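I opened the notebook on this model with two things to look up: how the chains meet, and how one of them is built. The entries below follow that order.

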Amino acid sequence: MSKLWQNKLSRRIVILTAVLLTLFGYTVFKDHQMLLESGAGAALNPVQKVVYSANKRLESFIDFFLRYEEVKLENESLLKENIELKANLRNFDSLEAENQRLKEMFAFKNRMDQYDYIGVNVIGKAGGGIITSYIIDKGTEEGLLPGMVIMTEEGIVGQITETAGTWSLVETLSSENISIHVTTLEDNSSSGILDGYVGAGQRQMAKISFLPVDASIKEGDPVVTSGLGRFYPPGFLVGTVTRVEEDRGNLMKTAHVKTAVNFKEARMLYVVLPKSLEDVSY
Amino acid sequence: MLVLFLIDQTLLPFLAVYESYGSLLFTFMGLFIMQTDYEDAFVVGLLSGLLQDLYFPHVFGLHTLLNVLLFTGLSRIGLTLKEGKKTIPVLSVTVAQGIKTTVIIVVLFLFGIGSNYMALLIMPMYTLLLSILFYKRSVAYSRIPMVKKEWRF
């Protein structure tokens, strides 16, 4: 032991190991970045944002040519869908006007109005290939907190796991470190905590575990946020049930869910912020 | 080192295999360290580890600790090698990446943090490929007069 202490390099390594293990123990369950990380990240982010955006555009450009036939077919189907949706919209306009009139009559508060939606950009990928995590360009200065969800216009895509002053780390729904309270559209009794996992072929998947065995959830059911705890509005699409497994021994079911939005293909991202944080604790 | 770190964050993720990819920073510096001494290994390990820890979620300090220990080990291996031999440095850096990935995943697992287990296979393979591609550049870099310490008698 004394020989270890006499050697200059060994002494440095031992001291550094002690310091780093202390730091490691301090940070392992913290969800806010330290001052060093926050400041260094703020310095690197502008350059990182430019390079990441350029590479993202290049990837989209190459992807377009590789998937040209697929894009052409997708375009044709979208045109047909657009025509059908326009027809539906004409019917819905009159229903919405009546709904609005009834809301005003009963002073009904729209839960969606209790949240702000802040646009964010992905400026890099973190986790070093071991944890799949993305860096976004907003942090605590804009009011972001760990636990807030990230969404696109199509649905929920992920959740903030750590924040710094001007940037934050986000993990997608398929991460095992993410959990969101969800329910099905048809039946609110089929509600539970959704946990992520990566399925066969690296597909982004999630599952709702510990459902009661008599829950009516079935394949094809859309899964949406429940709004429990008021962290995020209810009714935002999370995904679709692909299969349901029954465990009669433990009297429970597990529903496997395919997420609605692929984070990598998401264009506009928003963070959902409650307008009033008094009744919400992340 | 900053440029390599930025490449790791912004370019390599687009070339990921099963969401996992190697680290050009670790690979290049690992190869470079095998041609220098312990002092450089300590400093390079410390700096490269701090950069890698910067954006690593959930914990801070793991990359720094592992880089310092592994680079010191690589430097020791490098001292015993003849110049010009490529196989041992390339394999050593690959094994070092494998050890690092395994330790990180095990530590995260012990703390209940989920990670990508495919990284155990993908990252060393990726590192092997990067090592083969960048070995000559790392040797050339270590010979730049500003970088190389020259003893004058």
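Entry one, the contact. I note at the outset that this is a predicted model, and I then looked up which residues take part where the two chains touch: 39 residues come from chain B and 38 residues from chain A.

I went on to ask which helices of chain B supply at least two residues each to the side that touches chain A. I found helix H1 (2–10), helix H3 (38–54), helix H4 (62–79), helix H5 (87–110) and helix H6 (119–142) of chain B in that role. The largest share of this side of chain B comes from H4(B), which gives five residues.

Sorting the side of chain B that touches chain A by class, I got 24 nonpolar and 14 polar residues, together with one charged residue.

Entry two, the fold of chain B. I looked up the secondary structure and recorded six helices and zero strands, which in sequence order reads α-α-α-α-α-α. For the radius of gyration of chain B I have 15 Å, close to the 15 Å that the globule rule gives for 153 residues, so chain B is as compact as a globular protein of that length.

Taken along the principal axes, the box filled by the C-alpha atoms of chain B comes to roughly 55 × 25 × 25 Å.

Entry three, packing within chain B. I checked burial and found that 52% of the 153 residues of chain B count as buried. I then turned to contacts in chain B between residues at least 6 apart in sequence, and 63% of these join residues at least 24 apart.

How values were computed:
Residues numbered from 1 in each chain as written. Chains lettered and ligands numbered in written order. Predicted model: local features only at pLDDT ≥ 70, side-chain atom pairs only at ≥ 80, totals over all residues. Contact = placed C-beta atoms within 7 Å. Helix = DSSP H or I, 4+ residues; strand = E, 2+ residues; numbered from the N terminus. Nonpolar A, V, L, I, M, F, W, Y, C, P; charged D, E, K, R; others polar. Rg over C-alpha atoms; globule rule 2.2 N^0.38 Å. Buried ≥ 20, exposed ≤ 12 C-beta atoms within 10 Å, placed from the backbone.
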